[in-house]
Amino acid sequence: MQILNRLYIKGYLLSIMLYSFFNKGIAYSYLAEIFLFLGIILIFFNRKKIEIYPEKKQLILLVFILVSFVYIIFYLFKYNAFNVFRDSLAFQYGWFAIIIFFLKEERDFFWETLIKIYKWIPLVLFLNFFLFYYIFLNLPPINIFGGQHILLYKNGDKSLQLLICTILMILFSDKYSKSWLIINSILIFINLLILLSFTRSGSVAYLAGIFCFFFFSKTSLISDNLRKVLKYIPVLLIIVFGIFAAIEIDGDAQGRTISLSQITDNFSSIVSSDIDGSLTDNKVWRLVWWAKLLNESFTIKHFFIGKGLGMSLAGNDLTSVDENLRSPHNFHLTIIARFGYIIFFIWIYWLYLLFKPLFKKQLSGKMLGLTCVLLAFIINGSFDVFFEGPMGAFPFWTLVGLLLVEEYYNYNPKEIPN
């Protein structure tokens with residue numbers, strides 16, 4: 001069975017790599033859902049070895065999964081079955097955390113492989129940007145899965161991947177050569193400037209995550225290996241801004257360009273309505289939709305159980321909205337609308353339990369990094385359709401599972417495998 005577990009975790013990590021490298025281009029391959037199903041089967045066949053970790057976060061997660069399953073049964077014959085199952089994944093993806101905790105003996109192998117994968121992320125993200133905007137936009141689209149271009153990568157998701165690789169590089173700088181640290185530092189800065197131009201929620205998520213990582217650390221996170229690189233910072237910045245200034249793009253789908261003025265407009269638009277164009281329109285459109293959902297959910301009919309699964313949350317009175325747009329670019333509102341306020345309040349309590357140790361500075365090392373990344377995920381998921389699909393949910397719940405594993409071994413040090 002140990003061999004089977006190792007084979008599964010290798011396939012799991014291969015899927016993590018593909019989603020990290022290709023994002024939306026690989027989403028409709030259903031690899032995440034396949035490994036979700038296989039993981040549940042693996043747990044079933046090992047049910048006699050299952051260990052329930054008596055920790056509130058895991059127990060509440062099981063409640064979310066159970067509630068989602070009950071909703072599937074109730075709405076399966078009321079709406080389109082595919083849409084019901086798709087909407088249920090908002091919580092069913094939480095199985096990934098349970099699966100990772102079940103495979104906690106693979107902890108060291110998982111970390112080692114994750115570090116190897118994310119060593120390449122800065123280069124992968126830059127190549128994705130360069131190839132997509134400078135080459136493949138002028139060629140016939142390469143649609144392999146679900147009619148999505150294989151290089152289509154959501155900018156908000158890029159920010160989260162960039163944060164993960166940044167934190168892993170800081171935590172495990174001893175596993176990087178000096179040359180690799182310098183090259184990755186340059187690529188991280190370039191990618192960050194590009195993303196600051198292209199995404200507001202992703203930018204805020206990255207900056208919040210990296211700020212918390214340093215602010216709430218109990219010890220210095222700058223190792224001797226990183227200190228050797230810091231002396232090159234002035235030269236690195238000259239290289240980075242030189243490359244950034246040389247990048248010329250007319251505009252993405254929302255008319256955003258690569259420039260310092262665009263970065264300024266992005267952040268100004270968060271708190272101001274005086275910015276012209278799609279930035280303000282996009283914000284107003286979301287606020288109108290959110291207000292509508294809150295009003296509908298705060299009724300006797302929907303307060304306790306929500307609207308359920310299977311229907312689009314866009315409604316019929318929101319004009320100029322894609323009929324396939326099903327979620328309101330805010331995972332918390334998705335929970336309110338589909339499951340009601342009771343489950344929403346439990347979700348908020350779960351988040352409180354998740355982040356409480358961070359603000360008390362009770363974390364160090366791996367647990368600090370994981371918690372800061374998860375905080376960034378929550379921020380991005382508050383302004384994007386993120387946890388409703390595998391591109392965000394797969395890594396998020398995987399890292400939740402990894403955090404539960406670290407907590408388990410922190411409180412049970414004698415159980416740490418040799």
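**Exercise 1. Find out whether Arg107 is buried or exposed, and which residue it pairs with in a salt bridge.**

Step 1. Arg107 has a relative accessible area of 12%, so it is buried (buried means under 20% relative accessible area, exposed over 50%, partly exposed in between, with a 1.4 Å probe and protein chains only). Please keep in mind that this is a predicted model, where local features need pLDDT of at least 70 and side-chain atom pairs count only at pLDDT 80 or more, while totals for chains, interfaces and linings use all residues. Residues are numbered from 1 along each chain as its sequence is written, and side-chain values use heavy atoms, with hydrogens and water left out.

Step 2. The partner of Arg107 is Glu406, with 2.9 Å between the closest N and O atoms. That satisfies the rule for a salt bridge: a side-chain nitrogen of Lys or Arg within 4 Å of a carboxyl oxygen of Asp or Glu.

Step 3. Now place the two residues: Arg107 belongs to helix H7 and Glu406 to helix H20 (residues 390-411), so this bridge links distant parts of the chain, 299 residues apart. Helices here are DSSP runs (H or I, at least four residues), numbered from the N terminus.

Step 4. Glu406 is buried too, at 6% relative accessibility.

**Exercise 2. Work out where the partners of the Arg6–Glu106 and Asp87–Arg338 salt bridges lie.**

Step 1. Start with Arg6 and Glu106, whose side chains meet at 2.7 Å, N to O. Arg6 sits in helix H1 (residues 2-22), whereas Glu106 is in the loop between helix H6 (95-102) and helix H7 (107-119), 100 residues away.

Step 2. Check their cover: Arg6 is partly exposed at 31% relative accessibility, but Glu106 is buried at 3%.

Step 3. Turn to Asp87 and Arg338, whose closest N and O atoms are 3.4 Å apart. Asp87 is part of helix H5 and Arg338 of helix H17 (residues 331-339), so this bridge ties together parts 251 residues apart in sequence. Both Asp87 and Arg338 are buried.

Step 4. For the wider picture, the structure has eight salt bridges. Glu55, Lys57 and Glu407 are joined in a salt-bridge network.

**Exercise 3. Explain why Cys212 and Cys372 do not form a disulfide.**

Step 1. Recall the chemistry: a disulfide is a covalent bond between the sulfur atoms of two cysteines. The cut-off used here is a pair of cysteine sulfur atoms within 2.5 Å.

Step 2. For Cys212, the closest cysteine sulfur is that of Cys372, at 5.4 Å, which is too far for a bond. By the cut-off, the structure has zero disulfides.

Step 3. Look at the surroundings: Cys212 is buried at 8% relative accessible area, and Cys372 is buried at 0%.

**Exercise 4. Identify the residues of the nonpolar surface patch and the helix that gives the most to it.**

Step 1. The patch is made by Tyr28, Tyr30, Ile34, Phe37, Leu38 and Phe82, and covers about 590 Å². Patch residues have over 30% relative accessible area and no salt bridge; like charges are joined within 9 Å, and nonpolar side chains (Val, Leu, Ile, Met, Phe, Trp, Tyr) within 5 Å. The areas come from the Shrake-Rupley method with a 1.4 Å probe, and for residues only the protein chains shown count as cover.

Step 2. Helix H3 (residues 31-45) gives the most, with three residues.

Step 3. Phe82 lies in helix H5 (residues 81-92) and is partly exposed at 47% relative accessibility.
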